[in-house]
Amino acid sequence: MEKSHENEQPVKAFGWAARDTSGVLSPFNFSRRVTGEKDVQFKVMYCGICHSDLHQLKNEWSNSIYPMVPGHEVVGVVTEVGSKVDKFKIGDKVGVGCLVGSCRKCENCDNDLENYCPDQIMTYNGIYSDGTTTYGGYSDIMVTDEHYVVHWPENLPMEAAPLLCAGITTYSPLKYFGLDKPGMHIGVVGLGGLGHMAVKFAKAFGTKVTVISTSLSKKDEAIERLGADSFLVSRDPDQMQAAAGSLDGIIDTVSAIHPLLPLINLLKTHGKLVMVGAPEKPLELPVFPLLFGRKLVAGSAIGGIKETQEMVDFAAKHNITPDVEVVPMDYVNTALERLLKSDVKYRFVLDIGNTLNKC
Ligand SMILES: [Zn+2]
Ligand SMILES: [Zn+2]
């Protein structure tokens, strides 16, 4: 029998896939591997729609493999475990984020920084160690090495799946760069999927939070809905000047081209500007204002597995959840169109468990 997506692996699976750069998703029969001795098989209940799904569906990063089943904010319930799995049992709630593999022997992997492993394997649109394409959470089941699976806390709603990408992407730099100390003053640039999580975590750490946005229209939601302490319109030079030198750190979530100088000016001496958005083209970096203030511009990408577990435990303890709009599977193409227009507060989550029906 010729190998096809349906019989490449022994276990039947069903999801929604894009077939080409139109990025339009439709029902897709494929297959997954048998649960290996260190693998966990789980039924997907919820999967967030990340902005990077949109980029990869349309091959905007020029590395897309079709058919593509996206989804890297995946929460489900364990249905089978391998003979050597010790962290999980059938019935456990679990989460899988952006990674399903890494080399396990480099310096990064040794230090729980699988997210910086040069041989990391992405949850979808990647090539697994057995040579097959990885398929993500817009599907009925997943089979994942237990090392890349986190325990989903009992009191954390499964709809909070976007913690697994948007959450860890903002939690990790706040922790690593020491921007988690009570009384600090933290800026958050951009108020989308990432930005709204940055505000929530920074508040939970006991910092004062200022949201910086191009548009005054987001002021009320930043302060009243998300609990930010203040708001700055980045296009208003007077406001920005008045706030100069006031921030210990900034989490910049913007992925469009934007000027850095106004943000660097907001930092105190030793202030840190951390980029977590991914603009397609280089940004201009003014160096003088870095020198005179010993300021730092840095980047950060998701987080390691150990830290991801720590983050979901922290979120459960402090009742931190993303603001989500839960939608049925067959709404996915509309959701992607709306996401492109930023018409969502602040993350779509697919109700896979209840609405992914075989066609
Ligand atoms: Zn993501
Ligand atoms: Zn490694």
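In this predicted model, Val 85 touches Lys 38, Val 40 and Glu 146, when residues up to four places away in sequence are left out of the count. Val 85 has its place in the loop between β4 and β5 (93–96), and its C-alpha atom is separated by 6.7 Å from that of Asp 39, although the two residues are 46 residues apart along the chain. Val 85 counts as partly exposed, because 19 C-beta neighbours lie inside 10 Å, whereas 20 or more would be needed for a residue to be called buried.

Helix α3, which covers residues 166–176, presents another kind of setting: 9 of its 11 residues are buried, so the helix is largely enclosed by the rest of the structure. The buried residues are Ala 166, Gly 167, Ile 168, Thr 169, Thr 170, Tyr 171, Ser 172, Pro 173 and Leu 174. The elements that cover these buried residues include the helices α4 (193–204) and α9 (305–317), together with the strands β13 (247–252), β14 (267–275) and β17. Just after α3, Gly 178 takes a positive phi of about 70°.

Backbone angles of a less common kind were also examined. Most residues other than glycine have a negative phi, and most peptide bonds are trans. Ser 62, which is not a glycine, nevertheless has a positive phi of about 55°, and this residue is found in the loop between α1 and β4. Ser 62 is exposed, because 5 other C-beta atoms lie within 10 Å. A positive phi, near 70°, is likewise found at Arg 104, a residue other than glycine, which lies in the loop between β6 (99–101) and α2 (107–110). Arg 104 counts as exposed with 12 C-beta neighbours inside 10 Å, since a residue is placed in that class if the number is 12 or fewer.

Cis peptide bonds were also found in the model. One of them joins Tyr 66 and Pro 67, with an omega of about -5°, and Pro 67 is found in the loop between α1 (51–57) and β4 (74–81), the loop in which Ser 62 is found. The peptide bond from Lys 345 to Tyr 346 is cis as well, with omega near -15°. Tyr 346 lies in the loop between α10 (332–340) and β17 (347–351), and β17 is one of the elements that cover the buried residues of α3.

How values were computed: Residues are numbered from 1 along each chain as its sequence is written. Chains are lettered from A and ligands numbered from 1 in the order in which they are written. This is a predicted model: local features need pLDDT of at least 70, side-chain atom pairs count only at pLDDT 80 or more; totals for chains, interfaces and linings use all residues. Helices (H or I, at least four residues) and strands (E, at least two) are DSSP runs, numbered from the N terminus. Two residues are in contact if their C-beta atoms, placed from the backbone, lie within 7 Å.
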